[in-house]
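Hi everyone, thanks for making time. I'd like to walk you through one model, so please have a look at it first.

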Amino acid sequence: MGDGREKEQLTTNSSYLDEILEKGKADGVSTAFDRRETIKPCPYGDYGTCCKHCHMGPCRLLPKDEGAKQSVCGATSSTMAARYFARQIAAGAAAHSDHGREIAKTFVRMAKGEVPNYGIKDPGKLRMLAGVYGVKTEGRADNDIALELGTKIWAEFGQQDGEVIMAQRAPKKRQQIWRQLGVWPRGFDIEVVELMHRTGMGTDQDYRNIMLQASRTALADGWFGSMLATDLQDIMFGTPTPVRGKANMGVLKADEVNIVVHGHDPLMPEMVVVAASDPELIAEAKAKGAKGINIAGLCCSANELLMRHGVALAGSFAQQEVAILTGAVDAIVVDIQCAMQSLPVVASCYQTAVITTDERQKIPGAIHIEFDKTRALETAKEIVRLGIERFPQRGQVRIPDESMDLVAGFSHEYVNYMQGGRFRASYRPLNDNIINGRILGVAGVVGCTTPTRKSEATHLALVEELIANNILVLQTGCSAGVVSKSGLLTPEAAGRYAGAGLAEVCEAVGIPPVLHVGSCVDNSRILIAATAMVAEGGLGNDISDLPAAGVCPDWMHEKALCIGEYFVASGVYTIFGSSLPVTGSEVFSKFLYEEYEQRYGGKWAAAEEANQQAGLVIDHIRKKREALGIHKAKERVLFDMAMRRELEKQEKEAAAAGV
Ligand code: NFS
């Protein structure tokens, strides 16, 4: 590994972190970076063999206890680990799909005309999805179609029996596997409820059986809740196409009111963007001494706005407090998920207003402005006004210099379009370039950042290694946020950092070697892209046949485990950074890391270091290429950067020698 990269030049450009954290300390503020030093994690978090599901315990088993000891009720280590793992999947699915539920609800209300600030921006996608759900489109108005489609989707949340329709988009062979195993989701809510029931004391005690329901729950998220969130958001706010943007803390502006949106569901942030360009509000900001209103994002809200509008990405999960420490954030407005409870405490040392907007997520010390969708723009203006009012109260400001250009917006629809234009849109060129070996394979790299020095470095080092080895990388979530700060999300990066084959393809199409495909619910875009590659032909009949893998280099949220499980149950070999919380049971670990492959064609893996993760991806992709019989072509066409450099060196030496 390691061909053709200029390692020393690639960084996430976060060297300001120590200085800003020092500033925070001087201001009397502690952050997650400090708290992480003082909190000693309980080892059972990793073991997964601590059970608190009844009041006879908590029962705790060490790894060495497996086979020798059981809990009070007789549960074995493998049962305990499976229950714990499954419940985290249930919680992760609930989070993403409750986001999807709000989107579906608003979509129906939009169709009924009850939320006037929302409308249909992509009627083409509306008609595509209507086709999936068997909703007639001919001669019908958009709103009429949307109402029938939204109502059908809405009903599937509570559906008790049958099969959710959305999952019919998976490859036929995958559908058969799900039917045979009985893991095709019936609805959404029932799967979470049943999983919670089955993992309680005295119910399901067979780890293999528990995990079938865990898969069904995760699939209900990946192929329903998250997928509908992505699709309905695209219909309402536009399907992303490439857009230029900027990332890193330097996107905050010293002379403008900075409003930072943070969370997941784009219903509120979309309106904040509209409100920020309102001439009346801009005039109010100017009256307070600011030059304008700057919107920036954190976490998945950032990804949503970046993908559709090119709004700047200030940082990922681990940077939320750091943003406030700059002293330049006038309001930080959150909706749901991934907001630290410390935000109002940190903000109390600065002028920053912390605003919660969703009844499901209140934070003590924050200002709550309920986001009323019937008067969405008006509520968004109220939020922006609060930021404007705080601007004159700023103290010392320290905005790091760093910001990086990037190109985002690679929806499945655009990837399809870019490979052949409107009339010949297809995945054929991608498949061909994989078959001829220019591209070795594809990797989805997703996941969170955590408040450690290593977190960002791991995401970046992995992606760097993959593209150097001619693996096209698709990114979502905070992982995309981190890597975007390095410059790898620019078309120019292809020539500098990608292997020769991948660089050639990227240069021909004009794309970066790392494609930003969106937020974490947009992992569904990766599922659809994988399905499109299967449908295009030449790379097998199922997702599990593709020379492709998934990696979550670092993670912290239960949502990540749910994503991992639906990737695996969709046939993807999926590697998680650090460890999975199953180390207390070798039996259960072996089940996920080995036996799962017979069940799904995909399986779990865990590896701490970026080079280990990359090695696993490359080995897996090579194995799949061999199975497809396309491994020989690679040797013929691959002409990587190291070889290219060697050639250049030889040419220079020859020239110098006057040859
Ligand atoms: Ni995903 Fe997005 Fe980020 Fe992790 Fe949190 S914001 S939903 S959970 S931390 S990637």
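I'll go through the metal site, the empty spaces, two pieces of helix and some backbone details.

A word on ground rules: this is a predicted model, where local features need pLDDT of at least 70, side-chain atom pairs count only at pLDDT 80 or more, and totals for chains, interfaces and linings use all residues. Residues are numbered from 1 along each chain as its sequence is written, and side-chain values use heavy atoms, with hydrogens and water left out.

Let's begin at the metal. Which protein atom is a donor to the nickel atom of the ligand? The only one is SG of Cys520, at 2.4 Å. Donors here are N, O and S atoms within 2.8 Å of the metal (3.2 Å for Na, K and Ca), and with water not among the atoms, sites may look incomplete. The four donor atoms around this nickel subtend angles of 89 to 173°, so the arrangement is irregular. For that label, four donors are tetrahedral if all angles lie between 85 and 135 degrees; four are square planar and six octahedral if opposite donors are over 155 degrees apart and all others between 65 and 115; anything else is irregular. Cys520 itself is in the loop between β13 (514–518) and α22 (523–536). Helices (H or I, at least four residues) and strands (E, at least two) are DSSP runs, numbered from the N terminus.

Cys520 also turns up in the empty spaces. These come from a 1 Å grid over the protein atoms alone: a cavity is a set of points where a 1.4 Å probe fits but cannot get out, a pocket is an open set with protein on both sides within 12 Å along at least five of seven lines, and lining residues have an atom within 4 Å of a point. Points are joined across faces, edges and corners, and a volume is the space filled by probe spheres set on them.

There are two cavities of 30 Å³ or more, and the largest has a volume of about 140 Å³. Of its 17 lining residues, Gly447, Cys448, Cys520, His557 and Lys559 are closest to the centre. Helix α23 gives the largest share of that lining, three residues.

The largest pocket holds about 890 Å³ of space. It is lined by 27 residues, with Arg36, Pro41, Thr450, Trp555 and Ser578 nearest its centre. The largest share there, four residues, comes from α2.

Now the helices. Is Phe588, in helix α24 (residues 586–600), buried or exposed? Buried, because its relative accessibility is 0%; the cut-offs are under 20% relative accessible area for buried, over 50% for exposed and partly exposed in between (1.4 Å probe, protein chains only). Phe588 is 506 residues from Ala82 in sequence, yet their C-alpha atoms are 6.9 Å apart. Its contacts (heavy atoms within 4.5 Å) include Ser78, Phe85 and Tyr207. In α15 (residues 376–390), the end C-alpha atoms are 22 Å apart, which agrees with the 21 Å that its 15 residues should span; the expected span is 1.5 Å times one less than the number of residues.

Last, the backbone. Most residues other than glycine have a negative phi, and most peptide bonds are trans. The bond from Gly57 to Pro58 is cis, with omega near 0°. Cys338 has a positive phi near 65° and is buried at 15%. Asn470 has a positive phi of about 65° and is buried at 2%.

Conventions. Lists of a residue's contacts leave out its neighbours within four places in sequence.
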